[in-house]
Amino acid sequence: MPVTRSPDSRPTAGPAKAAPATLRQRLAELRGPGSAPRPLDARALAALAANPGCRRRVLLDGAGVDKPALARALGAPAAFGQSQFAIARGHSFEARAKADGGTELVRLLHEQLRDGTAAPAPGAVDVPGLTAGGPEGRTARTALALREATAAGRWTLLDHPLLALPVAGAPAFLEPDAVVVHPDGTWTVVEIKSFPVIDGAADPGKVGAAARQAAVYVLALEELAARLGDGDPARVRHEILLVCPKDFANVPVAGLVDVRKPRATTRRQLARLARVEDIAAELPAGTTFDLCLADDGKTARRPAEELAAAVEAVAAAYAPECLAVCELAFHCRARARAEGSVAALGRGLRGELGGLTTVESVLAAALGDAPVPEGAPSGATGGAPDPAVVALRRAAALRAEALAPPLTGIEAACR
């Protein structure tokens, strides 16, 4: 099948561009005056890496726009999220796992390593303070604590360190549950989750999601290790410690999870992201996602039509998978359906159809008795045969044959 380009990716002559400004100022304008940036956590970053072609999400996440509030203002609120009960349960379990100053977490890690070294004695785990002003101060304090712990050659637990990872030209600040520094100077990410391990097994889907999230932390640690004067990215271990409740109790149990595959996938996908400043520079002058909140800080006063126009100024790459991870997915799905885009039917089908990007063009190619809209493959209009068109017409013929009335008499005997 010949390689074609999506109409969304073709360069077009756009309206007047915004005047140059520093990236921080431009992103503040996009959020609106007085709107604090929404932090980009590892879960959102993993979802972003899973769909690197969506320029809309890259810009909104990079600018720190409150996407849940934006979706509500557009009339398409997200239908997913973690319950307050689950959040409270997670915090309670994490506090219990760390209640003894990190000794239990380090013991669980040492138990899983099975490297023949002596178990850490009570009180042999250092827990340095990581308090500092602002995200930049906390990341600098984390880097200093990691350097000191690596040089000390002792078990050290960093409780909620803050790491920075460049994403699409803008820094993302990430906060893992913990990072353990081994006496040999290597680092292990600790991920604490509240889903249970029952009879020695956990939900594979939840374990996979935790691995993808932890892979982002591993990437951030590797970036930090490379920036340190004597840093070595190889000091970051490729196995993370996943800590969960055992059975239906609140007793911590742990296991090592290899994150090399999700780490490599995430690194590759993040490298494909367009830069936030480049996307922002292509927007029409005056574009903003400001909700113009009322005095209660929750009610959006800006007309939904204006917000929709601002959102549509940035190209999206919708797929059904977005419904589980992106707050704007329901808005994007409604637009894709209204435009008749085959993207609403899934990435697999979209890739198989090549240049047939709308349901209308697909039906025209399948029936062969209607003009194919502009942008369809040449095979759909009588040129060289296109495999997608051939397959569609064959499927249409089989469907017509299956729905045809049964033959009788001589016709049935001849068949």
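## Cores, helix crossings and loop residues

Leu70 makes contacts with Leu60, Val65, Leu291, Leu307, Val311 and Leu328, leaving out residues up to four places away in sequence. The model is predicted.

**The nonpolar cores**

Leu70 belongs to the largest nonpolar core, which has 77 residues. It is one of the members that touch the most other members, together with Leu45, Leu59, Leu165, Val167, Trp187 and Phe289. Which helix gives this core its largest share? Helix α8, residues 204–227, does, with 12 residues. Another core lies apart from this one. That second core has 17 residues, among them Val106, Leu109, Ala178 and Ile192. As a general point, nonpolar side chains in soluble globular proteins tend to be buried together.

**Two helix crossings**

Helix α8 also packs against helix α9, residues 260–271: their axes come within 8 Å and cross at roughly 70°. At that angle, α8 is roughly perpendicular to α9. The crossing of α8 past α9 is right-handed. From α8, the contact uses Ala211, Arg212, Ala215, Val216, Val218, Leu219 and Glu222. From α9, it uses Pro262, Arg263, Thr266, Arg267 and Leu270. By class, this contact holds 7 nonpolar, 1 polar and 4 charged residues.

Helix α14 (residues 359–367) meets helix α15 (residues 387–403), with axes that come within 7 Å and cross at roughly 70°. So α14 is roughly perpendicular to α15. The crossing of α14 past α15 is right-handed. On the α14 side, Val362, Ala365 and Ala366 make the contact. On the α15 side, Val389, Leu392, Arg393 and Ala396 do so. The classes here are 6 nonpolar, no polar and 1 charged.

**Around α14**

Which residues of α14 are buried? Ser361, Val362, Ala364, Ala365 and Ala366 are. Their cover includes α13 (347–353) and α15. After α14 comes Gly368, with a positive phi near 70°.

**Loop residues**

Most residues other than glycine have a negative phi. Arg114 has a positive phi of about 50° although it is not a glycine. Phi of His160, likewise a residue other than glycine, is positive and near 50°. His182 is another loop residue, placed between β4 and β5. The table sets out where these three sit and how accessible they are.

| Residue | Loop between | Relative accessible area | Class |
|---|---|---|---|
| Arg114 | α6 (103–113) and α7 (134–152) | 67% | exposed |
| His160 | β1 (156–159) and β2 (163–167) | 26% | partly exposed |
| His182 | β4 (178–181) and β5 (187–192) | 3% | buried |

Why does His182 count as buried? Its relative accessible area is 3%, and buried means under 20%. Arg114 counts as exposed because its 67% relative accessibility is over the 50% cut-off. His160, at 26%, is partly exposed, since that class lies in between.

What does His182 touch? Setting aside neighbours within four places in sequence, His182 is in contact with Leu109, Leu113, Arg154, Trp155, Trp187, Thr188 and Arg237. Two of these partners appear above: Trp187 is in the largest nonpolar core, and Leu109 is in the core of 17 residues.

Key. Residues are numbered from 1 along each chain as its sequence is written. This is a predicted model: local features need pLDDT of at least 70, side-chain atom pairs count only at pLDDT 80 or more; totals for chains, interfaces and linings use all residues. Side-chain values use heavy atoms; hydrogens and water are left out. Axes are lines fitted to C-alpha atoms, for helices over the stretch in contact, and angles run from 0 to 180 degrees between N-to-C directions. Helices (H or I, at least four residues) and strands (E, at least two) are DSSP runs, numbered from the N terminus. Angles under 35 degrees count as roughly parallel, over 145 as roughly antiparallel, 65 to 115 as roughly perpendicular and the rest as oblique. A crossing is left-handed if the near helix is turned anticlockwise from the far one by less than a right angle, and right-handed if clockwise. Contact means heavy atoms within 4.5 Å. Ala, Val, Leu, Ile, Met, Phe, Trp, Tyr, Cys and Pro count as nonpolar, Asp, Glu, Lys and Arg as charged, and the others, Gly among them, as polar. Buried means under 20% relative accessible area, exposed over 50%, partly exposed in between (1.4 Å probe, protein chains only). A nonpolar core is a set of buried Ala, Val, Leu, Ile, Met, Phe, Trp, Tyr and Cys residues joined through side-chain atoms within 4.5 Å.
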